[in-house]
Amino acid sequence: MRILKWLDEHLEEALLCVMLMAMTIIMGIQVFSRYVLSNSLSWSEEITRYLFIWSAFLSLSYCTKKKINIRVDQFTTMLPAKAEYIIKAVGDAVCVVLFIYLLPFAYTYLTQAAASGQLSPACGIPMYYIQVLPLIGFVLVIFRFLQRFAGELKKLTNGRTNKEA
């Protein structure tokens, strides 16, 4: 149970930190190899690019969990707390519907990549390892939106809203 709680609170954050460290180390090795040893590594930029793509899709879920999605809330902050909550909940619902709509496209994209058998040029990694990212990212985002929505609904039913909490 403790592990599940830690994963719920820190999964995306931990993975993003590991990926950032890996990208920094790999590119540092690449710079050292290129300028000090006069020998460029063929795989480093490709791996860094894939790690960057992974981090972009994981950051969708992380931002959703931390409530740092892009929003214009100039108007909603002038409303009463319950009205603000309702507008934000509708916005979250629209986002969930959007990501649910995108899921079949991500799945089709993945199955086509798996069927093609394409490998990455420098490392020979099957491309479906990279192209599974939209599917994983969208599922995580949907999960985080639903989790957030449930928490906000609980606050609303308890009589507390964002401005009061």
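Where is serine 38 found? In this predicted model, serine 38 sits in the loop between α1 (2-35) and α2 (44-65). Its phi is near 55 degrees, a positive value in a residue other than glycine. Most residues other than glycine have a negative phi. Serine 38 counts as exposed, because its relative accessibility of 67% is over 50%.

A second loop residue has a positive phi. Lysine 67 is not a glycine, yet its phi is about 60 degrees. Lysine 67 lies in the loop between α2 and α3 (81-116). Its relative accessibility is 45%, so lysine 67 counts as partly exposed.

The fold is built from helices. The protein has five helices and zero strands. From the N terminus on, the order of elements is α-α-α-α-α. The protein is more spread out than a compact globule, because its radius of gyration is 20 Å, well over the 15 Å that the globule rule gives for 165 residues. Along the principal axes, the C-alpha atoms fill a box of roughly 65 × 40 × 40 Å.

Contacts and burial were computed over the whole protein. Of the contacts with a separation of 6 or more, 72% are accounted for by residues 24 or more positions apart. Of the 165 residues, 29% count as buried. The exposed area of the protein is about 10,800 Å². Carbon and sulfur atoms supply 71% of that area.

Charge was examined next. The protein carries 16 positive and 11 negative charges. The mean positions of the two sets are 4 Å apart. One of the lysines, lysine 65, lies in helix α2. Its relative accessibility is 18%, under the 20% cut-off, so lysine 65 counts as buried. What does lysine 65 touch, not counting residues up to four places away in sequence? Its partners on that basis are Asp8, Glu9, His10, Glu12 and Arg144. Of these, Asp8, Glu9 and Glu12 are of the residue types that count as negative. Arg144 is of a type that counts as positive.

The cysteines come next. The structure holds zero disulfides. Cysteine 63 is in no disulfide, and the nearest cysteine sulfur, that of cysteine 95, is 12 Å away. Cysteine 95 is likewise in no disulfide; for this residue the nearest cysteine sulfur is that of cysteine 63, 12 Å away. A disulfide needs the two sulfur atoms within 2.5 Å, which is why a pair at 12 Å does not count. Cysteine 63 has a relative accessibility of 25%, so it counts as partly exposed. Cysteine 95 also counts as partly exposed, because its relative accessibility is 28%.

One pair of positions gives a sense of scale. Alanine 22 lies in helix α1. Its relative accessible area is 24%, so alanine 22 is partly exposed. How many residues apart in sequence are alanine 22 and serine 120? They are 98 residues apart in sequence. In space, the C-alpha to C-alpha distance between alanine 22 and serine 120 is 19 Å.

Definitions and conventions
Residues numbered from 1 in each chain as written. Predicted model: local features only at pLDDT ≥ 70, side-chain atom pairs only at ≥ 80, totals over all residues. Heavy atoms only, no water. Helix = DSSP H or I, 4+ residues; strand = E, 2+ residues; numbered from the N terminus. Rg over C-alpha atoms; globule rule 2.2 N^0.38 Å. Buried < 20%, exposed > 50% of the residue type's maximum accessible area, 1.4 Å probe, protein only. Contact = heavy atoms within 4.5 Å. Areas by Shrake-Rupley, 256 points an atom, 1.4 Å probe, with all protein chains shown as cover. Charge placed at Lys NZ, Arg CZ, Asp CG, Glu CD.
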